[in-house]
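Here is a short briefing to read alongside the sequence and the coordinates. Take a moment to load the model, and then follow the topics below.

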Amino acid sequence: MAAEIVNPRSDSSADQDGGAEPLDSFDPAFALHRGGKMAVQATVPVRDKDDLSLAYTPGVARVCTAIAEQPELANDYTWKSSVVAVVTDGTAVLGLGDIGPLASLPVMEGKAILFKQFGGVDAVPIALDCTDADEIVETVVRLAPSFGGVNLEDISAPRCFEIERKLQERLDIPVFHDDQHGTAVVTLAALRNAARLSGRTVGDLRAVISGAGAAGVAIARMLVRAGIGDVAVADRKGVVSADRDDLTPVKRELAGFTNKAGVTGSLEDALAGADVFIGVSGGTVPEAAVASMAAGAFVFAMANPDPEVHPDVARKYAAVVATGRSDFPNQINNVLAFPGIFAGALQVRASRITEGMKLAAAEALAAVVGDDLAADYVIPSPFDERVAPAVTAAVAAAARTEGVARR
């Protein structure tokens, strides 16, 4: 699979809507997307009848027969072991919400070219015209023989948790919901370095997460596994705590392993004296609440395009500020994680992606910063060429350690 940024099939002069001026004449995003951002590219030549007889019939039949007798040979003689399915139902696309599978395709294509550019991994966008969790699971299970891994993308919570769990139970290839785990990996890496910058460890910190959706739940889980001092999660109704009677099963479980301090009330109440704010909600946090945080606090306001706390405001009170945007320092960007995580898993033909592999990815990502650590550099740039190899190697090693590697 080759990423095509400029598609030779494009025709920027084509009319739309019966002769109306084409959208790409005044918007460069449309110009770049015309014709799609991807194309299939052969990896072997078909120059003459001899090549054709090997690439297709009759030579291909010998390969098919061998795979039928020994299914594991598909990993060596097809693209299966090096390609990922990027699967969505279009229900939670970026900040656009439930826009449907067709409108999600530009994002899925984009994800696929990021896999290729940053991890050397081929990926195929698959937008499913169904939203029922069991239907999605059954569809992906039926598609799975063609792929070495499944990246779930932009599927709304809480269905995303059920879909991922059921697919992990039924498939023997890595299944990874990037909106959850990719965000969590990069957040932990940045937090490790922010703590190191201030002479502390993650265990010294009390964090507050705004947002109890896919990303918020996954970040909370990962921080707990990494030894966070304490973490509380707030949704629209306040802090997720065991005394609430309106919790979903996912939030009830969340309440069971977070908020050791027993904080109740609003997000603003929880932020008083907190060391870390992590925003994955899209809401707005009052400046007074940020001012109430502990001295030397960290503010990771990751909503796009509008952070929960504007960086200019956050910097008045926080020692380290991060966002999800590329035009501010310390961008928490999933592209730092998922290409290398899948590259490492595919490299060793892992049967799944474990918690240990995710923690290893976060540690490797944090280590890339090294001695260049500074308040405006706690996480490397996505264009740092050291990132993907470091994450890939760490994930592959962790897969072997955890016994899920098959080579």
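A residue counts as buried under 20% relative accessible area, as exposed over 50%, and as partly exposed in between. Asp327 has a relative accessible area of 51%, so Asp327 is exposed. Please keep in mind that this is a predicted model. The points below begin with salt bridges, then turn to a helix, two buried residues and a surface patch.

**Salt bridges**

- The model holds 27 salt bridges, counting each Lys or Arg side-chain nitrogen within 4 Å of an Asp or Glu carboxyl oxygen.
- The exposed Asp327 is paired with Arg325, and their closest N and O atoms lie 2.6 Å apart.
- Arg325 has a relative accessible area of 23%, so this residue falls in the partly exposed class.
- Elsewhere, Asp235, Lys237, Arg244, Asp246 and Lys251 are joined into one network by salt bridges that share partners.
- Arg47 and Asp51 form another salt bridge, with 2.9 Å between the closest N and O atoms.
- Is each partner in that pair buried or exposed? Arg47 is exposed because its relative accessible area is 66%, while Asp51 is buried because its value is 13%.
- Arg315 and Asp312 meet through their side chains in a salt bridge of 2.7 Å, N to O.
- Both of these partners are partly exposed: Arg315 has 42% relative accessibility, and Asp312 has a relative accessible area of 47%.

**Helix H15 and what follows**

- Helix H15 covers residues 355-369, which makes 15 residues.
- From first C-alpha to last, H15 reaches 23 Å, close to the 21 Å expected at 1.5 Å a residue.
- How many residues of H15 are buried? The count is 12 of 15, and H15 is thus mostly covered.
- Among the buried residues are Met357, Leu359, Leu365, Val368 and Val369, as well as Lys358.
- Which elements do the buried residues of H15 pack against? The partners are strand S6 (175-177) and the helices H8 (178-197), H9 (214-225), H14 (338-347) and H16 (387-401).
- Right after H15 comes Gly370, which has a positive phi near 55°.

**Asp384, in the loop after H15**

- Asp384 sits in the loop between H15 and H16.
- Its relative accessible area is 17%, and because that is under 20%, Asp384 is buried.
- The side chain of Asp384 makes a polar contact with the side chain of Arg386 at 2.7 Å.
- Setting aside neighbours within four places in sequence, Asp384 is in contact with Val368 and Tyr377. Val368 is itself one of the buried residues of H15.

**Leu267, in helix H11**

- Leu267 belongs to helix H11, residues 267-271.
- Leu267 counts as buried because its relative accessibility is 12%.
- What does Leu267 touch, not counting residues up to four places away in sequence? The list is Val208, Ser210, Ala234, Phe277 and Val285.
- Val239 is 28 residues away from Leu267 along the chain, yet their C-alpha atoms are separated by 6.2 Å.

**A nonpolar surface patch**

- Val44, Val46, Leu52 and Tyr56 make a nonpolar surface patch of about 420 Å².
- One of these residues, Leu52, lies in helix H2, residues 49-55.
- At a relative accessible area of 46%, Leu52 is partly exposed, which passes the patch requirement of over 30%.

Technical notes: Residues are numbered from 1 along each chain as its sequence is written. This is a predicted model: local features need pLDDT of at least 70, side-chain atom pairs count only at pLDDT 80 or more; totals for chains, interfaces and linings use all residues. Side-chain values use heavy atoms; hydrogens and water are left out. Patches are made of residues with over 30% relative accessible area and no salt bridge: like charges are joined within 9 Å, nonpolar side chains (Val, Leu, Ile, Met, Phe, Trp, Tyr) within 5 Å. Accessible areas come from the Shrake-Rupley method with a 1.4 Å probe; for residues, only the protein chains shown count as cover. Helices (H or I, at least four residues) and strands (E, at least two) are DSSP runs, numbered from the N terminus. Buried means under 20% relative accessible area, exposed over 50%, partly exposed in between (1.4 Å probe, protein chains only). The expected span of a helix is 1.5 Å times one less than its number of residues. Contact means heavy atoms within 4.5 Å. A polar contact is a pair of N or O atoms within 3.5 Å; within protein, one must be able to donate a hydrogen and the other to accept it, and residues adjacent in sequence count only if both atoms are side-chain atoms.
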